[in-house]
Every structure is written in structure tokens, then in C-alpha cells.
Amino acid sequence: MAFVSAWIGTGTHLAFDAMMHADMHPFAPLTANNPLLGRVSLGSLHWGLMLAGVLGLALLALREMVAARTRV
């Protein structure tokens, strides 16, 4: 699970950074172009990432509440 999580985290981090940073080259050494740059506005990207974080925290809290109920 840690290995898969690391791969997913690395891949999404690179993709999100490539969407907002002009000096990123996500497909190097195949190409120096960055086709992801500007696909999403910076404000929309930040709001989407914030929403994903809040949703993740809510899911963790829900999982903990369900686990606490089954322990009692």
C-alpha cells in the first residue's frame, strides 16, 4: 500500500505542479514542452486541491467514526 500510495502521490504532485509552474518539464527527456501548463486556472486549481483535502479529511473522520462504533 505504501508503494502504490507513493507512486500515486508522486504522479499527481508532478501533474499539479506542471499545471501551475512554467519551468516544469513533466515529460522530459522526451520533450521540453509542458502541455499541462494553463489547462486549469490557478484559482480553480487551488480551490480544487483545497476541496480534495477537505473531502479526504471528512472521509478519514467518517472511517474513524465507523471503526469506533464497531469497537464498542
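Okay, let me start with one residue: asparagine 34 counts as buried, at 15% relative accessibility. That puts it under the 20% cut-off, which is why it gets that label. It sits in the loop between α1 and α2, and its side chain reaches the backbone oxygen of histidine 21 at 3.4 Å. Before I go on, please keep in mind that this is a predicted model.

So how much company does asparagine 34 have? Buried residues make up just 7% of the 72 residues in the chain. The overall dimensions are worth a look alongside that. The radius of gyration is 17 Å, whereas a compact globule of 72 residues would come in near 11 Å. If you take the C-alpha trace along its principal axes, you get a span of about 55 × 30 × 10 Å. As for secondary structure, we have two helices and zero strands. The chain exposes about 6,000 Å², and 73% of that comes from carbon and sulfur atoms.

Now to helix α1, residues 2-20. How many aromatic pairs does a search of the whole structure find? One. The partners are phenylalanine 3 and tryptophan 7, arranged edge-to-face, with 6.1 Å centre to centre and 65° between the planes. For the edge-to-face label the planes have to be over 60 degrees apart. Both residues lie in α1, four apart, so about one turn of the helix. And are they buried or exposed? Phenylalanine 3 and tryptophan 7 are both exposed.

Next, the other helix, α2, which covers residues 42-71. Valine 66 lies in there, and at 47% relative accessible area it is partly exposed. Valine 66 also belongs to a nonpolar surface patch, along with Leu55, Leu59, Leu62 and Met65. Taken together, those five residues offer about 500 Å² of accessible area.

Last stop, the charges. The structure holds one salt bridge. Which side chains meet in it? Those of glutamate 64 and arginine 71, at 2.8 Å from N to O. Their exposure labels are not alike: glutamate 64 counts as partly exposed at 46% relative accessibility, while arginine 71, with a relative accessible area of 59%, is exposed. The line between those two labels is drawn at 50%, so that's why they get separate names.

To recap, then: two helices, one aromatic pair, one salt bridge, a nonpolar patch on the surface, and a buried asparagine 34 in the loop between α1 and α2. That's what I have for today.

Methods: Residues numbered from 1 in each chain as written. Predicted model: local features only at pLDDT ≥ 70, side-chain atom pairs only at ≥ 80, totals over all residues. Heavy atoms only, no water. Patch = residues over 30% accessible without salt bridge, like charges linked within 9 Å, V, L, I, M, F, W, Y side chains within 5 Å. Areas by Shrake-Rupley, 256 points an atom, 1.4 Å probe, with all protein chains shown as cover. Salt bridge = Lys/Arg side-chain N within 4 Å of Asp/Glu carboxyl O. Buried < 20%, exposed > 50% of the residue type's maximum accessible area, 1.4 Å probe, protein only. Phe/Tyr/Trp six-rings, centres within 6.5 Å; stacked < 30°, edge-to-face > 60°. Rg over C-alpha atoms; globule rule 2.2 N^0.38 Å. Polar contact = N/O pair within 3.5 Å; in protein donor to acceptor, adjacent residues only side chain to side chain.
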